[in-house]
Amino acid sequence: MRFFAALAPLGLALTALAGPAPVLAQKAAMTETTARSETPQPPVATIIPHVTVRHGVTMTDDYHWLKDQGYPKIDDQPVLDYLNAENAYFDAVMKPHAALTERLFQEMRGRIKEADASVPQKDGDYLYWVEYEEGAEYKKYYRRPVAGGDKQLILDEVALAAGKDYFRLGAMAVSPNGKLLAFSVDDNGSERFEVRIRDLTTGAMLPDVIPGTLSALVWTKGSDVLLYGLANENWRTDNVWMHRLGTPQSADVQIYKEQDPGFGVGIGTTAAEDYIVIGAGDNETSEVYLLPADEPTAKPMLVSARQKGREYSVDVRDGTLYILTNDDHVNFRVATASLAAPGQWTTLIAGSDDVYITDLSIFRDYFVLETRERGLDQIDVRRYDAPTRAGRIAFPETTYVAGLGDNPEYHQDKLRIDYESMITPDTVYDYDIATGKLAALKVQEIPSGYDASKYTTELVNIRARDGTLVPVSLMYKKGLKRDGSAAMHLYVYGSYGFRVPPGFSTTRLSLVDRGMIYAIAHVRGGDDLGRKWYLAGKLFDRKNSFNDFIDVARGLITEKYTSAGKISIEGRSAGGQVMGVVYNEAPELWGAVLAGVPFVDVINTMTDESLPLTPGEWPEWGNPITDKAAFDYMLSYSPYDQVRAQAYPPMLVSAGLNDPRVTYWEPAKWVAKLRATRTNDATLLLRTNMGAGHGGKSGRWGALREDAEEFAFVLTQLGVEK
């Protein structure tokens, strides 16, 4: 059974250091007089210098105290007082825009079909699907026997989330015999999940409870043993444990332990579910072990020992290993090997400068390559007896996003495909292997109405300062005048080889319908144009990501799509780092900034080995502890360290108190330093979710209301709407 909801990748790194307990300045809490005044006054954080010396450089951090020294427990009252004061200030500043926020929220909600369901998919003896009920924040998971019968509710997020301020389903897995469901939940945003097991025959919960997990959940073939990974004291998963049903967690057996603190560990199964896959790696190196699914106590078989800079993944078909690796080409190749000699790889499909292989999926009678060519997604279905002959799936638009959907079975006559573009709502297809035909099963419904013919999408290329052409995806209403008068919202991520796909969003229509252009800058650091595009934005080439973003904005101004001061910009996590740098370097371009859980205190974070992600992040950013050149380079762009006395544009910064990736004090310190250093008084807001983590509020409507608040900020700061 491969029907499960895996942990979603959320992005990035964290922050750090330690220091003395401080108190807030008198202005930190809004006084009764201020609360009554028409112009609310922002909090002012106490300055308590904290001095460190690194590589001969003396650094003073005036707001180091905002890190609770008991972290991850956060109960330092002055720290909480400051964050609550910032939240009160946010509420006071946004209060005059409450009507606009509510209007935006109702618009966004009106575009979402409240009572909705996914397309059922067969997995073994059952069809599985997910439903939302009218008005519900959370989903319900169902199944029905393929042979016929009533539908069965197997997991009810609505009931599990009842009475909780935050709820997130981590992973779920149905046992091979179809009788048990293992699932994990997080109810505070800390990303430490508790595993429970439900008997699907009786509906009863088994007594087994496994707290503190941070991994997928994998059953062995006998349906009596569950594999999982625990988050260690630094929020890293460096282990695999085996739990036998009916026994206490104290009796669980550790079957893998990673020794490198920079490596994380994940688990899964092969397509035929005959092997359990244990993968270890960081952002540039990987190592894979195979474990027979019917012998969980066997010694894991190493496929090939780790080699720095080499990544690979493995699947198995009839005793042959299929390996996707970047060992001899940056854009990856496909190789094969035998189980008897798993480290001896023979090329099946060679790497190519023009074709970037992003994924390999194995099925009984064919395999599927997901690739990207000139930035455009492609899906190739290939037979084992003719592996180099492409069977490409054709799609109707010239720019789009496409990929494999939920395909849980080893033998499938039809492939589930997901497809969308910036103006085409999400569409679920079945692709018939025999006929090569696409059949649309479901098109995203927009209850309030949507007419794609009223909108235009285009892909433009803007030349960066070093001559590189940077692609930008645009969406706007037809009839837009290219005279520089339009406001624009420009989005970016640009790290970890993660591409921001130019897909569909009902939320952004609230900007576009008001005459704004919505743009995505595909800067270096993502893998939009292949693996080299990613490598050109990491380590000592990191500044390419920032320069690309600034140059894209200036190029769009030159092309008269918009004008300086009419551009709102947005980035989250590592994309928030881009916001921090360009906020310092080109403040005159931006009319409003949204920085979500931003990674801005780069030096302090990357020198604190106790933080969850820091050691694993060194291959991405560099190690400023041991490498002075990396330290100097990071310091030259670190947004927190490069705050300067200048006029800054309006900005809304968000944080999560329980965020283990970008810890709450990172954006809090940044905002405090900006308030004390800048030369103007443009609106600067910090909104901290006191009961959530890296992803913000949970649930459909809680998250949507935060979107509405952010768009209300953008629209009012740009003067598009009051």
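Modeller: Before we start, a convention: helices, of at least four residues in H or I, and strands, of at least two in E, are DSSP runs numbered from the N terminus. Please also keep in mind that this is a predicted model.

Colleague: With that in hand, which peptide bond is cis, and where does Pro72 lie?

Modeller: The general expectation is that most peptide bonds are trans, and that most residues other than glycine have a negative phi. In this model, the bond from Tyr71 to Pro72 is cis, with omega near 15°, and Pro72 sits in the loop between strand S2 (57-60) and helix H2 (77-94).

Colleague: Which residues other than glycine have a positive phi, and is each of them buried or partly exposed?

Modeller: One of them is His55, with phi near 50°, in the loop that runs between strand S1 (51-54) and S2; because its relative accessibility is 30%, His55 counts as partly exposed. Another is Trp235, with phi near 65°, placed in the loop between strand S13 (225-228) and strand S14 (239-244); at 9% relative accessibility, which is under the 20% cut-off, Trp235 counts as buried.

Colleague: Turning to the sheet with S27 in it, what is the order of its strands, and which strands are at the edges?

Modeller: As a general idea, strands of a sheet pair through backbone hydrogen bonds, in either a parallel or an antiparallel manner. Here the sheet is open and has 4 strands in the order S27-S28-S29-S30, with antiparallel pairing. The edge strands, each pairing on one side only, are strand S27 (401-404) and strand S30 (438-443), and neighbouring strands are turned by 25° against each other on average, direction ignored.

Colleague: How many bridges does S29 make with S28 and with S30, and which residues are partners?

Modeller: Strand S28 (residues 414-420) and S29 pair over 6 bridges in the antiparallel sense, with Lys414 having Asp432 of S29 as its bridge partner. Strand S29 (residues 427-432) and S30 are also antiparallel, over 5 bridges; among the partners in S30, Leu438 faces Tyr431 in a bridge and Val443 is the bridge partner of Thr427. The connections are hairpins: 6 residues join S28 to S29, while 5 residues lie between S29 and S30, where Gly436 in the turn has a positive phi of about 75°. S29 is mostly covered, with 5 of its 6 residues buried.

Colleague: How many residues are in the largest nonpolar core, and which of them touch the most other members?

Modeller: In soluble globular proteins, nonpolar side chains tend to be buried together. The largest nonpolar core of this model has 117 residues, and those touching the most other members are Leu474, Leu490, Phe549, Ile569, Trp590, Met651 and Trp670. Helix H13 (residues 700-718) gives the most to this core, with 9 residues. Leaving aside neighbours within four places in sequence, Leu490 is in contact with residues including Ala519, Ala521, Phe549, Val552 and Ile569. A second, separate core of 17 residues includes Val218, Leu227, Phe263 and Ile276.

Colleague: Why is H13 described as largely enclosed, and what span should its residues have?

Modeller: H13 is largely enclosed by the rest of the structure because 15 of its 19 residues are buried. At 1.5 Å a residue, the 19 residues should span 27 Å, and the end C-alpha atoms of H13 are 27 Å apart, which agrees. The residue that follows H13 is Gly719, whose phi is positive, near 75°.

Notes:
Residues are numbered from 1 along each chain as its sequence is written. This is a predicted model: local features need pLDDT of at least 70, side-chain atom pairs count only at pLDDT 80 or more; totals for chains, interfaces and linings use all residues. Side-chain values use heavy atoms; hydrogens and water are left out. A nonpolar core is a set of buried Ala, Val, Leu, Ile, Met, Phe, Trp, Tyr and Cys residues joined through side-chain atoms within 4.5 Å. Buried means under 20% relative accessible area, exposed over 50%, partly exposed in between (1.4 Å probe, protein chains only). Contact means heavy atoms within 4.5 Å. Two strands pair if DSSP finds at least two bridges between them. Axes are lines fitted to C-alpha atoms, for helices over the stretch in contact, and angles run from 0 to 180 degrees between N-to-C directions. The expected span of a helix is 1.5 Å times one less than its number of residues.
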